Amino acid sequence: MFIKLLLIIAILVQTIATIFALKLVRTTKYNSVWILFIVGFSLLSVERFFQLMAVGKEVEPRWWFFYLGIVVSVCLSIGVMYAHKLFKYIDRLTRQRQLMNKRILTAVLRTEEKARSRFSKELHDGLGPLLSSAKMSLTALSRDENNPEQKAIIDNTTYVIEEAIRSLREISNNLSPHVLNDFGLARGVEHFISKSAAMHEASICFTTNLKTNRYDTDIEVILYRVICELINNSLKHSGCKAINFSLAQNGNMLVLDYTDNGRGFNPQAMMDCGMGLSNISSRINSLGGTFDIVSAKGKGMRATIKVSTRNEPLPTHHKHNEK
């Protein structure tokens, strides 16, 4: 009875496997894999059925059982070999999809930077000269004889125009940092820090061995934007008193090690809902780099970014862990 039960279960399992293989025939490119499995499982079911019928009876094994077993073994063996090709095909498709996503993201980021640069140039070259001309005209007026009321109006208007020119330069530089374009990543970061430190009480310590080294434009722009995003997040959201980070060339790698002593956060929650972490991760992924972040409430945060300066990308990933 026990043997009969096992044979019945075997027949049912092999029949279910045959049905699944039938459904997969049109799903993938390698139909021959599933056809071989269908044949193999079907023959196994037939073999088990005849074995079930023979249980308890003294029946000599039929001669074709031997050949049936050989056919089943050959079908399943070849099917497994073809399945290996199927998995390689799926893996190749996955790599192609990842490469396509990376190219799309890179194109989006480049388009964004071109739009920033064009808008910055239009502001600087279009609105800037107009404001400068207005200031020159007011300066000429101030040389004439004016009563105190008129002089106060001219002085106040001159001050407003000077503030507008200063704001215009600030906006233009934020859109397309001229120091970064002219002098490289290290100088661009130092310039941004000097502006940020003047407006906040937190101390910012930056060390680097890059000096005047220049890199691919995508690498420089993306790392600059990422560093600015990290600093802004720390200053606006963490309540930190100190930020320490280093940017170093280590062989063919650029390594950013960033820490603050702020209130900390849940990296997974922030990755899902804000603080620009998902944006940082996407930018680093577009370079084929890695982005790891560790934080916990009351324990600050630490981020490590690695980007290859060669064409070969690193295994792309991002990690976020609570301390």
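**Overall fold and nonpolar cores**

The protein contains 9 helices and 6 strands. The model analysed here is predicted. Of its 323 residues, 36% count as buried. The protein exposes about 19,900 Å². Carbon and sulfur atoms supply 60% of that area. Contacts between residues at least 6 apart in sequence were also examined. Of these, 71% join residues at least 24 apart.

In soluble globular proteins, nonpolar side chains tend to be buried together. Here, the largest nonpolar core has 41 residues. Ile231, Phe245, Ile284 and Ile305 have the most contacts inside it. Both helices and strands build this core. The helices that give two or more residues are α6, α7 (217–238) and α9. The strands that do so are β1 (203–208), β2 (242–250), β3 (253–260), β4 (290–295) and β5 (301–308). Helix α7 gives the most, with 11 residues. A second core is separate and has 8 residues. Among them are Ile154, Ile161, Ile165 and Leu168.

Phenylalanine 245 falls within the range of β2. Its partners beyond four places in sequence are spread over several elements. They include Val189 and Ile193, and helix α6 spans residues 185–199. Ile204, Cys205, Phe206 and Thr207 are also in contact with Phe245; β1 covers 203–208. Ile227 and Ile231 touch Phe245 as well, and α7 covers 217–238. The remaining contacts of Phe245 are Leu256, Asp257 and Tyr258, and β3 covers 253–260.

Serine 196 lies in helix α6. This residue counts as buried because its relative accessible area is 4%, below the 20% cut-off. Beyond four places in sequence, serine 196 touches Ile204, Ile231 and Leu235. Ile204 and Ile231 are also contacts of Phe245.

Helix α9 spans residues 277–286. Its buried residues are Leu277, Ile280, Ser281, Arg283, Ile284 and Ser286. One of them, Ile284, is among the residues with the most contacts inside the largest core. Glycine 288 follows α9. Its phi is positive, near 75 degrees.

Two cysteines were compared with the accessibility cut-offs. Cysteine 205 has a relative accessible area of 37%, so it is partly exposed: the value lies between 20% and 50%. Cysteine 240 has 9% relative accessibility and therefore counts as buried. The disulfide count comes to 0.

Note on methods:
Residues are numbered from 1 along each chain as its sequence is written. This is a predicted model: local features need pLDDT of at least 70, side-chain atom pairs count only at pLDDT 80 or more; totals for chains, interfaces and linings use all residues. Side-chain values use heavy atoms; hydrogens and water are left out. Helices (H or I, at least four residues) and strands (E, at least two) are DSSP runs, numbered from the N terminus. Buried means under 20% relative accessible area, exposed over 50%, partly exposed in between (1.4 Å probe, protein chains only). Contact means heavy atoms within 4.5 Å. A nonpolar core is a set of buried Ala, Val, Leu, Ile, Met, Phe, Trp, Tyr and Cys residues joined through side-chain atoms within 4.5 Å. A disulfide is a pair of cysteine sulfur atoms within 2.5 Å. Accessible areas come from the Shrake-Rupley method with a 1.4 Å probe; for residues, only the protein chains shown count as cover.
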